Amino acid sequence: MTPGARVAAAIEIIDDILAGQAAEQALTRWARGSRFAGSKDRAAVRDLVFAALRTWRSDAVLGGGEDGRARMIGRLRAEGADIEALFDDAGHAPAPLTEEEQQAGAAPTGIGDRWNLPEWLLPQWQAALGDAAEATALIAQDRAPITLRVNTRLCSVADVVSALESEQVLTEANSLSPTALTVLSNPRRVRQSQAYTDGWIEMQDAASQAVVDAIPDGTRALDYCAGGGGKALALAARGFTVWAHDIAPGRMADIPDRAERAAVQIRVVAPDQLPAKEKFDVVLCDAPCSGSGAWRRSPEGKWALTQGRLDELNSIQDEILDTAMTHLATGGTLVYVTCSVLKCENEDRIAAFLERHPGWTCDLQKRWDISAEGDGFFTAHLTQAQTPLTQP
């Protein structure tokens, strides 16, 4: 495909998204109907679409319209591309710009347009992030780093760096976690590498790794909202005996294979298979959330989020904490985690929990900002005060 044809494909996919299709669905349907597109073409088109989703509002302003063509014109203007060379109607490229399109568009001036956030969310974003609100919104428009977690049960960080370098995948240390490496080149080769096949590495955000690093030592851990199992694997690599649980068991389908590759054991249990009597030193609640700390990876999420859905998530987060706490052993730690930067999903939920449950304390509360090294995360460690012995 020519560069212009890739732009035309991105326009078609964006129009499908505007018509109501999910981004991944629209990309998949296009790829299935475009067998001529090679892997590099598909990757380039995907990059164009996701870049437009990250900068949805500013691209519309720069392009002078709301449809896929206008938004792609805006995206290319923002990148300083030679638009006339891409919109030349040659080789399946889009038709040349009209005189009206050449004149349309302006630099974004409104906060929501510049920050590329829904208007209704701006007050909450600013309240949560304070002086860092603008910088965080702007960095959230960039591509997220690709980060690996080194499985130190099987190898050292140096072993992984050397092994990947021999396959032309360059990495560097990531300051957020001692097991984290940021990929600098050839990221698409990672899953085909020997290091990946041998279980030496997993794909995992560095801040997500830092969340697990902060968890106190123990013997038994329950990952109560395990999903795909990234944190369960990291806990197992630390030496915990790990149970993985999720209200939707299908999300955990890949955990057994991932655990086998990593040479660790994880017991996967559906909700009806988790006995009430089972108690754990650590109960990890990686709660469903807005995902606002990871919108670089899933930019569609920030445009789909509503106040009603956010309120619903807050209720779910409270319910998860109240249920998961029943599985905590005496002296254990209830760990709450989100990949959100919003106060209503983080500090407010911890305050509400402590108000509902006198006798509990918060021993740690920490944020990781969205940065060049990792996504935005929040964690809190909750413990129950021990009943003092009665004096004779």
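**Figure 1. The largest nonpolar core of the predicted model contains 29 residues.** Within this core, Leu235, Val242, Val264, Ile266 and Phe377 have the most contacts. Two or more residues each come from α13 (206-213), α14, β6, α15, β8 and β9 (328-338). Helix α14 gives the largest share, five residues. Leaving aside residues up to four places away in sequence, Leu235 touches Val212, Ile215, Ala221, Phe240, Val242 and Leu284. In soluble globular proteins, nonpolar side chains tend to be buried together.

**Figure 2. Another core, of 26 residues, lies apart from the core of 29 residues.** Its members include Ala23, Ala37, Met72 and Phe87.

**Figure 3. Strand β5 (residues 220-223) pairs in the parallel sense with β6 (residues 241-245) and with β8 (residues 280-286).** Four bridges join β5 to β6, and Arg220 has Thr241 of β6 as its bridge partner. Between these two strands the chain passes through helix α14 (residues 230-237), forming a right-handed β-α-β crossover. The pairing of β5 with β8 rests on three bridges. Here Ala221 stands opposite Val282 of β8. Ala221 is also one of the residues touched by Leu235.

**Figure 4. Strand β3 (residues 180-183) pairs with β1 and with β2.** Both pairings are antiparallel: three bridges join β3 to β1 (residues 147-150), and three join β3 to β2 (residues 171-173). On the β1 side, Thr147 has Thr182 as its bridge partner. On the β2 side, Ala173 is partnered with Leu181. Strands β2 and β3 form a hairpin, with six residues between them. From β3, Ala180 and Thr182 point one way, while Leu181 and Val183 point the other way. These four residues of β3 are all buried.

**Figure 5. Arg258 lies in helix α15 (residues 255-262).** Is Arg258 buried or exposed? Its relative accessible area is 17%, under the 20% limit, so Arg258 counts as buried. Not counting residues up to four places away in sequence, Arg258 touches Glu202, Met203, Gly228, Gly229, Gly230 and Leu233. Helix α15 is also among the elements that give two or more residues to the core of Figure 1.

**Figure 6. Gly291 sits in the loop between β8 and α16 (300-304).** This glycine has a relative accessible area of 12% and is therefore buried, the limit being 20%. How far apart in space are Gly291 and Asp375, C-alpha to C-alpha? The distance is 9.7 Å, for two residues that are 84 residues apart in sequence.

**Figure 7. The whole chain, shown for context with the close-ups, contains 18 helices and 11 strands.** Its C-alpha trace spans about 90 × 50 × 35 Å along the principal axes. The radius of gyration is 23 Å, which agrees with the value near 21 Å for a compact globule of 392 residues. Buried residues make up 50% of the chain. The accessible surface comes to about 17900 Å², and 50% of this surface belongs to carbon and sulfur atoms. Of the contacts between residues at least 6 apart in sequence, 68% join residues at least 24 apart.

Terms used. Residues numbered from 1 in each chain as written. Predicted model: local features only at pLDDT ≥ 70, side-chain atom pairs only at ≥ 80, totals over all residues. Heavy atoms only, no water. Pairing = 2+ DSSP bridges. Right-handed = clockwise from strand over helix to strand, strands pointing away. Rg over C-alpha atoms; globule rule 2.2 N^0.38 Å. Buried < 20%, exposed > 50% of the residue type's maximum accessible area, 1.4 Å probe, protein only. Contact = heavy atoms within 4.5 Å. Areas by Shrake-Rupley, 256 points an atom, 1.4 Å probe, with all protein chains shown as cover. Core = buried A, V, L, I, M, F, W, Y, C linked by side-chain atoms within 4.5 Å.
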